[in-house]
Every structure is written in C-alpha cells, then in structure tokens.
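Please read this briefing alongside the sequence and the coordinates. The topics are the packing of a helix pair and the pairing of strands in a sheet.

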Amino acid sequence: MAGELGHFSLILALIFALIGATVPHIGAARGDARLMALGDRSVFAQFLMAISAFSALTYAFITSDFSVVNVATNSHTLKPMLYKVSGVWGNHEGSLLFWVLILTLFGALVSWRGQKLPLQFRSRVLAVQSLLVVGFLMFILFTSNPFLRLDPAPLEGNGLNPLLQDPGLAFHPPMLYLGYVGLSIAFSFAVAALLEGEVTPLWARWVRPWALLAWVFLTGGIALGSWWAYYELGWGGWWFWDPVENASFMPWLAAAALLHSAIVVEKRDALKSWTILLAIVAFSLSLLGTFLVRSGVVNSVHAFATDPARGIFILAFLGIVVGGSMALYAWRAPKMAPSGLFGVVSRESALVVNNIFLSTFAAVVLVGTLYPLFVEAFGAGQITVGPPFFEYAAAVLMSPLIVALGVGPLLAWKRGKVSRAFQIVVPALVVALVAGTVLVWRTSGGYVMTAIGFGLAIWLLASVFLEIASRIKLWQAPGKAWARFAKITRAQWGMSLAHAGLGVILLGVTISEAFTTEDLRVMAPGDTATVAGYDFTFEGVAPVAGPNFTAVRGFFTVRGGGETLTTLTPEDRVYTNPVMNTTEAGIYPLIAGDLYAVIGEAAGAGRWSVRLYFKPMISALWLGALMMMIGGILSLSDRRLRIGLPTGKKKVQAITRGAA
Amino acid sequence: MAGLKTRKKQRLLVVSLAVASLMGATLLILLALGGDSLSLFLQPSDVKAKQVAAGQHFRLGGLVETGSFARAEDGLTYHFSVTDCAATLSVEFKGLLPDLFREGQGVVTEGALNTDGVFIASTVLAKHDENYVPPGTMPKSADQCVHPDAQAAADAAYSGR
C-alpha cells in the first residue's frame, strides 16, 4: 500500500512540477501576478509529494517490505536500524528520490524565505527549479522507479553492501547530494537572471549563501568519503583521483570559485557575466558527476550498478540543461549592463586570480576524468589517467593560488597597494621560507615538493594570522586590540577559518604523504615490529560476533616513549547477508599522527599477515575540512546575510527594471 | 572615453591571465601524455596481442582463474592467474589482498611485466558495487568465455541489463 502511495505521490509531484515549470513563465511574460504566484504553490505541492514518496520508501525499508523490489535487493531484516534507514538512499533509485526531495525542499525554501524577492524574478527562479524537478522525476518514473513490486515477495532481502554499512558512509551520500542540489539554486537564479536580463548585487546576495551552503555540504561529503576510505578500505589511502571522486571534487572547485566571485558581484557590481557562467557550470558539473557515477561510462573502482538506458537519459538531460542554459547565456549575457571597474591590484583582482586557478583546476580534472572516454570512443583502447597527472596539476595550479591567497584578503577593494599588503605579510614569507629550508635540511634534501608544500602551508597559516593581527591593529595599538577582536564579524571569521583550514589540509597532505612509515610483514603472537619508533606487539587474534557479521579481531599493543599507548583492534569481518569480507582498520590518533594497523589473513602456524603504518599528521586533513565547514557556516550565519536584504521599494524596482 | 579604455585594459588583463592559465594547463596535459600518468587498461589477450614490453606500466583487468591462487612461503607474496578466457597471465603480488579478492571474480591490478612475462602487480584493486559484480572486469566477449565461474559471473552481470 505504501509503495503505491509513494508511486502515486511521484506522479502527482510530476504534474505539479510541470505546471510550476511552465505557468509562471507565461505569467512573467504577460505580467499576470496570479499566474506568477502559482510558482510558489507549485513548489510547496512538489515538496509535500516528495516527502510523501520518500516517507513511503523509508516505511518500506523500516518494515522490511520485500514485496518492493528495491527493498528486497537492498535490505535485510537483520540489518541494524541505522542501515535500514540509510539503505533508503544507499541505492540508485532511493538516492534519486532523495535528490528530488532535496531539490523540492530547496525550492520551497527559496519560496518561503524569498517573499521579499520581486514576484516576477522569484517566479522565474521557481519555474527553472521546477523544470529540474521535472527532469529528475521523469528519470525516476521511466528508468528507476523505487516502488516497483515483486510477486511473489521473497521472505528475506539481499542486504546492503557491507562496505556501505558504516556510519561514515551512511551520511556521505546525503551530504554530497545536499551540495549538488544546493548548486541547483544558484543555477536557477542564474537562468532567471538571464531571462530577466539583469544581475544586481541583490542577486549575488541570494546566490552566495546557496553557493556557500552547497560548498559546505560538498566539503563535508568529500571529507566523510575520504575518511571512510581511509579507515574502511584498509589500504591506508584517502584519495585516489578516481572518476567518482573527481565527480564530487569538480563541483566543489566550481562552488568555491562561485562563492568568491559572488562576493565581487555583491560588493562591487563587477564580474557579473562570469558569475552567471560559473553558476551554470557548477551545477552542470554536479549533473555530469551524477552521469559519470550512474552510467558507468568510466571505469571506476567504485563501479556502481549501471544501466545504459539510465546513462542515456542522464546524458540527454545533461545536454538539455547545459546546452539550453549555455545557449541562453550566449544570447542574453552580452546584453547585460557592463560590470564595475577595478584596478589591477585590488581585492577584485585577487578574487579573479582565485577564480582563474580554481576553474582551470576544475577544467584539468574534467579533462583527466573524461580523457579515457575520448580515447575509447576513438578506438584507441582503454586507458586510465592515474594519480600522478592530477597530483601534478594540483601542485602546479594550487601553489600560485595559495601564494595569492596569503595576500588577497589584505588588498583593498577597487584599488589596493601591494606595498602595504607586502609589509603585513613579510613575516609570513620569512617564516614559510625558514620552514621549507629547515625541512629540506632536517631530511637531508631530496624533498623539494614536500618543502614547497610545507612552506606554502606555513605561509598560508601565518598570513591568515597576520591578516587578523593587522585587522585588530595588534602591533600598532595593542591596548584596543581586544575590543577590535571582539568586533570581527562572523563573515570575517568564516573567511579566516576556511583559509586556515586549507592551510591545515595542505600541511596534512604534505607531511603524511612524505613521511608515512609502512611495514608489511607476517607476525606470530608475541612478535614486535617497530614502525617509526613505535613498537607494535601482536598479541594474537580472537573471534568476534556482530549483529550481522562475524569477525577475526587482531590485538596490537603499541608502546612509544616507554609507555603503553593503546591497543589497536583491526578486524577482518565476514558479513552474512550478503556474504562478503570487509576490513576494519585499527586506528589510534596521536597528536603527531595516526597509528594504523590492518590484519590480513592467516599465514599458517598461528601467523598472520599484517600491515602497520605510522601516518604523521593525517588527522589534519579532516581537521582542516572541519575548519572549512565551520568557516562556511559562520559566514552563512552572519547577521548581514540573514537580515540585510533590502526591502525598500526603490531596490525592488531596481531589480525588476530590466524586465519591464 | 577614459572609462572605455580602462574597461578594455581590464578585460585584456583578465583574458590574458585566463589564457596563460589555460595554456599552462594544456602544457601540463601534454607533459602528462608522455609520462607515467597514463596507463593502458588491458585484458590478458590484449597483452598477448600487443606484445607489451617488460617494464611498461599498465592496468590489467580480468577474472582470477579458479585454482590458480597460491601463497608463497613468506606469507605475503601471492601468485595467481588473470584470465579473460581467451588468454591467461600469471600475476605476482606482495601485500594484503583486498576484501573482494576471490577466485573466479573480477579484479583489476596495476603494475608491469617482468622479463619472464609475469605481471608484477604493485596494487590490486577491489571493486565494490551495489550488486557485487564488478563491471568492466568482465571479458569483452562473454560468449566465447567457457570458464564456468566466469560464465556464472558474466550471466549475473548481464542479466540486469
């Protein structure tokens, strides 16, 4: 019953979305306020129907209703409740339903919070958003219906892939989806602005929080995914430059560029056309990511279940969205009012530099990800583009970005002075150079890239500190520094924290990549192995039973500096439904780095093959990502963003002027 | 007039920066084409047909042949054969095998041939998939495949399409 209710809700949602995608445009063209207002009602109706459908599927999962194909293939009665619920979005059909739920939720939020937006503009935005909902609902109903029935119903389900039965991964997909879909709002605003023919600072004020929100969620989703890979896959790595990973990284880069360029539109009324383009590109990359993940056109280690029919549908949808919006852009963008001016040395220029490097990096990742597709299409065989390519690109493109990042926030809007900014950051430069040199000296050379990375990280962290110090005049007037310190706005804290987060991540990447110690060996109980000065003593193994798995748990007592630090308990699990092995790494984070142990298999005579690591400063990766997220949230919560929306009639007229 | 000039100047600056950045990126890609970044994805019969030279880095995909798996005395080195049913290649790997590694299952390994024609793998990739069948590791022509395990796996892989 719930299944049919869900299916019916989806069909109703499609009808509401079709109305919402067309009627408001007619209203806007005719100046009919009643037709335009229909957009608001439509998005609320879509949202209610999406909630209804999603609840129906969740209910089917919770009650283990195996007459629904989707539940039968992805769930099991013995699965813990958390994974019954996360199983809803842990599969293709359910994840798309989740996508639609978020899409309609954000549409409804824009309608609810956007009552101060001019009606005509809002109706255009909601209509574009509804069109996206139409596309995804058609995709679900025609190729991936989660409510299909199975007759006769099996007594037991297949269970969820044990690798996915993990708290880290339960929340990884929804975070990413919130990010992808958050960019859809930026896209809808961009297309609406093109239709209306004007971009105002008010527009940027609306787009920036959404880009920021999307970026925060993407950051969280990517960080959770890499954390999961780090402790669950047991190969000690955290990022592989796999197509599916790149699919989430490209929108992240584009969102990062967008939230910076939107600042320029908001504050200086410049870079308007570029920001529109970026908003379109960012969402297109999200769609492209979905296409790559769901169609299986690229050979990925993730290799989700794939289906050519679905791939073709997404490709067609991608073609319509990207082609349509780009054509609209080519047609309307040149007619928009020219942007404001700024000097070569200015905050705007610094943000342009940020945008150029971020988008070039996104473009290079795109080329690297799609290159195997082109090669295969031209019959030159199957190839893969490996991590060295992307790592090289990251080093070459991110180094100048980080150099500029240290100075950018110190430049004034419109016309800044290099000399003034330089005066402030000289100490950072000195510290960074010293740090890089010391690293080379301490490790007897040979680590040029590591030294550069380390120096850049120190440079960034030091210049963030100096920027705050100069803002509160710590050196010139220390007496009043505290009063100034308390006055720093949340937006400014957000910026500093996010930039520092990047520095912390860079530090973690550089140090952990260069100085990880690894030991692969066979150990018998009582054996001790020394890794990076820590003594790992293998105490033996014991069998363990979980709710839906049995495991072999190894025990390693780790001693360092004369005292016992911890006992690591890596596991080799065998899940029962479906039968599958997974590895649980034993990890203990110290301030200096992570102790990491993985247990392999029995090697005869009581011996086990094991892999032991010491990974210095690897926690900095996730700490840095957390700092970025908190920075984004702080910036979002800034008072000016919440209540600063202009309400006066004058400004409302200003935004509608172009359309009249 | 002056405004126009500055505007042009500004546009010129932005465009030249963008062009320089893109050119740098292109250069990067060209450099990468000659390097180690690009590795071919081959199945055993491709390796035979192309007579891949020893030492050339590539990815090898296929099925782990049933009965071919053996562990060396040291407990860490493994020998197995990867097959696409038309041809078979011996693989040597030292390390911990991924969870999904199983005889008769698809596998992707990365490495190079040694002078004896044995593929020395530096990494063995586990593929995970909602339906537990790794696509892309299946032999290209499932019809000519007579390997019983491979056939069963191929049936499972293709039945969903």
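What follows describes one helix pair and one sheet, taken from a predicted model.

**Helix pair**

- In chain A, the axes of helix α8 (residues 201–232) and helix α18 (residues 619–636) come within 9 Å and cross at roughly 160°, which makes α8(A) roughly antiparallel to α18(A), since angles over 145 degrees are counted that way.
- The crossing in which α8(A) passes α18(A) is left-handed.
- On the side of α8(A), the residues that meet α18(A) are A:P209, A:L212, A:L213, A:W215, A:V216, A:T219, A:G220, A:A223 and A:W227, while α18(A) contributes A:W622, A:A625, A:M628, A:M629, A:G632, A:I633, A:S635 and A:L636.
- Sorted by class, this contact between α8(A) and α18(A) comprises 13 nonpolar and four polar residues, with no charged residues.

**Sheet**

- Four strands of chain A make up an open sheet, arranged in the order β2-β11-β10-β9 with antiparallel pairing.
- The edges are occupied by β2 (517–523) and β9 (586–589) of chain A, each of which has a single partner strand, so one side of each is left without a neighbour in the sheet.
- On average, and with direction ignored, neighbouring strands of this sheet are turned by 15° against each other.

**Pairing at the β9 edge**

- The antiparallel strands β9(A) and β10 (residues 593–602) of chain A are joined by four bridges.
- Within this pairing, A:I587 stands opposite A:Y596, the latter belonging to β10(A).

How values were computed:
Residues numbered from 1 in each chain as written. Chains lettered and ligands numbered in written order. Predicted model: local features only at pLDDT ≥ 70, side-chain atom pairs only at ≥ 80, totals over all residues. Axes fitted to C-alpha atoms, helices over the stretch in contact; angles between N-to-C directions. Helix = DSSP H or I, 4+ residues; strand = E, 2+ residues; numbered from the N terminus. Parallel < 35°, antiparallel > 145°, perpendicular 65-115°, else oblique. Left-handed = near helix turned anticlockwise from the far one by under 90°. Contact = placed C-beta atoms within 7 Å. Nonpolar A, V, L, I, M, F, W, Y, C, P; charged D, E, K, R; others polar. Pairing = 2+ DSSP bridges.
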